[in-house]
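Student: I am new to this structure and would like a close look at a single part of it. Could you choose one strand and take me slowly through its surroundings?

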Amino acid sequence: MELRDYISALVRRGWIILLVAAITAGSAFVFSNLQTVVYRSTIYLNVWPGRPDWGLQQTIKGLMRNYSSQIKSRDVAQQVINRQQLDMPVDDLLREMTVSPIESDFLLQIDVDDIDPQRAQVIAQTAAEIFEERIRVYMLDQDKRDRVEVFIRDDATPGRVFWPQTGLLVITRGLFGLLS
């Protein structure tokens with residue numbers, strides 16, 4: 001008897017649940033349209049050993065964390081700003097950039113989030129080029145068998161909307177409203 005009463009009440013007052021879901025989804029839509037759009041550009045750097053040696057590959061995996069911090073250094077950021085004549089402080093550029101080593105694939109991933117999609121792409125591309133040049137010069141002094149090659153896999157992707165993800169926000173808030 002209790003289940004029947006519950007279903008009956010749900011049918012009679014279901015419009016309230018739907019209204020709450022519509023209000024939460026609508027507010028999520030309005031909220032995301034008020035947000036500043038942030039674009040993300042991504043570029044990958046291959047990090048490859050001079051010879052297919054297990055020991056050198058393990059060394060590279062350790063180096064990749066260091067390489068990530070070198071790319072995200074104040075020095076590289078200043079070089080990006082100078083080379084591209086950007087009007088922004090070093091700290092702002094560093095906040096926009098994320099560098100992640102992908103050790104299993106011998107890749108370094110550089111993501112740049114910016115309100116201008118072209119600037120995000122230019123920053124990512126330039127940071128990768130500067131680091132690639134630095135490593136190439138440094139490796140000239142190393143024994144050829146012990147060298148580590150760093151090269152750009154593909155050019156930086158065009159900036160694409162990273163935030164806000166309006167569709168996802170509206171769907172999740174609508175579902176939340178249904179559960180409330």
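Tutor: What follows is a walk around strand β3 and the parts of the chain that surround it.

The model is a predicted one, and it may help to have the overall layout in mind before turning to the strand. The protein chain has 6 helices and 5 strands, which come along the sequence in the pattern α-β-α-α-α-β-β-α-β-β-α. Of the 180 residues in the protein chain, 36% are buried. Among contacts between residues at least 6 apart in sequence, 75% join residues at least 24 apart.

Strand β3 covers residues 107–114, and because 8 of its 8 residues are buried, this strand is largely enclosed by the rest of the structure. In a regular strand the side chains alternate between the two faces of the sheet. In β3 both faces are covered, with Leu107, Gln109, Asp111 and Asp113 buried on one side, and Leu108, Ile110, Val112 and Asp114 buried on the other.

The strand has partners to consider next. Strand β1, residues 38–49, pairs with β3 in the antiparallel sense over 8 bridges, and within this pairing Asn46 stands opposite Leu107, while Leu45 stands opposite Leu108. Strand β2, residues 97–102, also pairs with β3 in the antiparallel sense, here over 6 bridges, and the partner of Ile102 in β3 is Leu107. Leu107 of β3 is thus found opposite Asn46 and is also the bridge partner of Ile102.

β2 and β3 together form a hairpin with 4 residues between them. Phe106 lies in the loop between these two strands, and its phi is near 55°, a positive value in a residue other than glycine. Most residues other than glycine have a negative phi, and most peptide bonds are trans. Phe106 counts as buried because its relative accessibility is 10%, below the 20% under which a residue is called buried. A useful contrast is Gln85, which sits in the loop between α3 and α4 and has a positive phi near 50°, but counts as exposed because its relative accessibility is 71%.

From Phe106 one can step across to β1, since the C-alpha atoms of Val47 and Phe106 are separated by 5.2 Å although the two residues are 59 residues apart along the chain. Val47 belongs to strand β1, a strand that is mostly covered, with 9 of its 12 residues buried. Val47 itself counts as buried because its relative accessibility is 0%. Leaving aside neighbours within four places in sequence, Val47 is in contact with Ile60, Met64, Tyr67, Phe106, Leu108, Val148, Glu149 and Val150, a list that includes Leu108 of β3.

β1 also pairs with β4, which runs antiparallel to it and is joined to it by 5 bridges. In this pairing Trp48 has Glu149 of β4 as its bridge partner.

β4 also leads to the largest pocket, which has a volume of about 150 Å³. The pocket is lined by Ile135, Arg136, Met139, Leu140, Arg147, Val148, Glu149, Val150 and Phe151. Both α5 (117–139) and β4 (148–152) supply at least two residues each to this lining, and β4 gives the most, with 4 residues. By residue type the lining divides into 6 nonpolar, no polar and 3 charged.

Lastly, there is the nonpolar core. In soluble globular proteins, nonpolar side chains tend to be buried together. Here the largest nonpolar core has 36 residues, and those with the most contacts inside it are Leu45, Tyr67, Leu93, Met97 and Ile110. The elements that give two or more residues to this core are β1, α2 (54–71), α3 (74–84), α4 (90–96), β2, β3, α5 and β4, with the largest share, 9 residues, coming from α5. Ile110 is one of the residues of β3, and it also appears among the contacts of Met97, which, leaving aside neighbours within four places in sequence, are Ile71, Lys72, Ile110, Asp111, Val112, Ile123 and Ala127.

To return to the starting point, β3 is paired with β1 and with β2, both of its faces are covered, and it is among the elements that give two or more residues to the largest nonpolar core.

Terms used. Residues numbered from 1 in each chain as written. Predicted model: local features only at pLDDT ≥ 70, side-chain atom pairs only at ≥ 80, totals over all residues. Heavy atoms only, no water. Buried < 20%, exposed > 50% of the residue type's maximum accessible area, 1.4 Å probe, protein only. Pairing = 2+ DSSP bridges. 1 Å grid on protein atoms, 1.4 Å probe; cavity = no way out; pocket = protein on both sides within 12 Å on 5 of 7 lines; lining within 4 Å. Points joined across faces, edges and corners; volume = space filled by probe spheres on them. Nonpolar A, V, L, I, M, F, W, Y, C, P; charged D, E, K, R; others polar. Contact = heavy atoms within 4.5 Å. Core = buried A, V, L, I, M, F, W, Y, C linked by side-chain atoms within 4.5 Å.
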